[in-house]
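The questions below walk through one model, from its strands to its charged pairs and loops. Each answer reasons briefly and ends on the value or name that was asked for.

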Amino acid sequence: MSLDEVEIAHFERVQFGLRNFDLTFVYKDYLKPTTRICAIPLSYLEPIKNWLDKMDILFSESKVILDWNKVLATVRDEIKTKPKEFL
């Protein structure tokens, strides 16, 4: 995986009381499947965020695991119907 291909990194299952989180990489090519790293120890959360920031990779986080197939399908549909909004 090349960081040049990554659109955004998304931290999942980030919440108080859990020991681990997951990290999903979404690619600029929305047809390409995401890459997911599971069960990362919580102690790595801030160092990874700092590293992504230094690499100029956008990131977000949530308490839940997203269904990236559905999310990306919606994005692809929106791009088809409203392409000017994505330029």
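Buried means under 20% relative accessible area, exposed means over 50%, and partly exposed lies in between (1.4 Å probe, protein chains only). Helices (H or I, at least four residues) and strands (E, at least two) are DSSP runs, numbered from the N terminus. This is a predicted model, in which local features need pLDDT of at least 70 and side-chain atom pairs count only at pLDDT 80 or more, while totals for chains, interfaces and linings use all residues. Residues are numbered from 1 along each chain as its sequence is written, and side-chain values use heavy atoms, with hydrogens and water left out.

Q: How many of the seven residues of strand E1 are buried?
A: Strand E1 covers residues 6-12 and is largely enclosed by the rest of the structure. That description rests on the count of its buried residues, which is five of the seven.

Q: Which residue in E2 stands opposite Glu12?
A: Two strands pair if DSSP finds at least two bridges between them. E1 and strand E2 (residues 20-27) satisfy this with six bridges, in the antiparallel sense. Within E2, the residue opposite Glu12 is Asp22.

Q: Which residue in E4 stands opposite Phe11?
A: E1 is also joined to E4, by four bridges, and these two strands run parallel. The residue of E4 that stands opposite Phe11 is Glu61.

Q: What is the N to O distance in the salt bridge between Arg36 and Glu12?
A: A salt bridge is a side-chain nitrogen of Lys or Arg within 4 Å of a carboxyl oxygen of Asp or Glu, and the structure holds seven of them. In one of these, the side chains of Arg36 and Glu12 meet at an N to O distance of 3.8 Å.

Q: How many residues apart in sequence are the parts that Arg36 and Glu12 tie together?
A: Glu12 is buried, with a relative accessible area of 0%, whereas Arg36 is partly exposed at 34%. Arg36 and Glu12 meet in a salt bridge. Because Arg36 lies in strand E3 (residues 35-41) and Glu12 in strand E1, the pair ties together parts whose separation in sequence is 24 residues.

Q: What is the N to O distance between the side chains of Arg36 and Asp22?
A: Asp22 is buried, with a relative accessible area of 3%. The side chain of Asp22 forms a salt bridge with that of Arg36, and the N to O distance is 2.4 Å.

Q: Which parts does the salt bridge of Lys49 and Glu61 tie together?
A: Lys49 counts as buried at 13% relative accessibility, while Glu61 counts as partly exposed at 40%. Their side chains meet in a salt bridge of 2.5 Å, N to O. Since Lys49 lies in helix H1 (residues 45-54) and Glu61 in strand E4, the pair ties together parts twelve residues apart in sequence, namely H1 and E4.

Q: Is Ser62 buried or exposed?
A: Ser62 sits in the loop between strand E4 (58-61) and helix H2 (68-81). Not counting residues up to four places away in sequence, Ser62 touches (heavy atoms within 4.5 Å) His10, Phe11, Glu12, Arg13 and Val14. With a relative accessibility of 17%, Ser62 counts as buried.

Q: Which residue has its backbone oxygen 2.8 Å from a polar atom of the side chain of Ser62?
A: The partner residue is located in the loop between E4 and H2, and is partly exposed, with a relative accessible area of 49%. The backbone oxygen that lies 2.8 Å from the polar side-chain atom of Ser62 belongs to Val64.

Q: What is the phi of Ala39?
A: Most residues other than glycine have a negative phi, and most peptide bonds are trans. Ala39, placed in strand E3, is partly exposed with a relative accessible area of 44%. Although Ala39 is not a glycine, its phi is positive, at about 55°.

Q: What is the relative accessible area of Asp56?
A: Asp56 is found in the loop between H1 and E4, and its phi is near 60°, a positive value in a residue other than glycine. Asp56 is exposed, and its relative accessible area is 69%.

Technical notes: A polar contact is a pair of N or O atoms within 3.5 Å; within protein, one must be able to donate a hydrogen and the other to accept it, and residues adjacent in sequence count only if both atoms are side-chain atoms.
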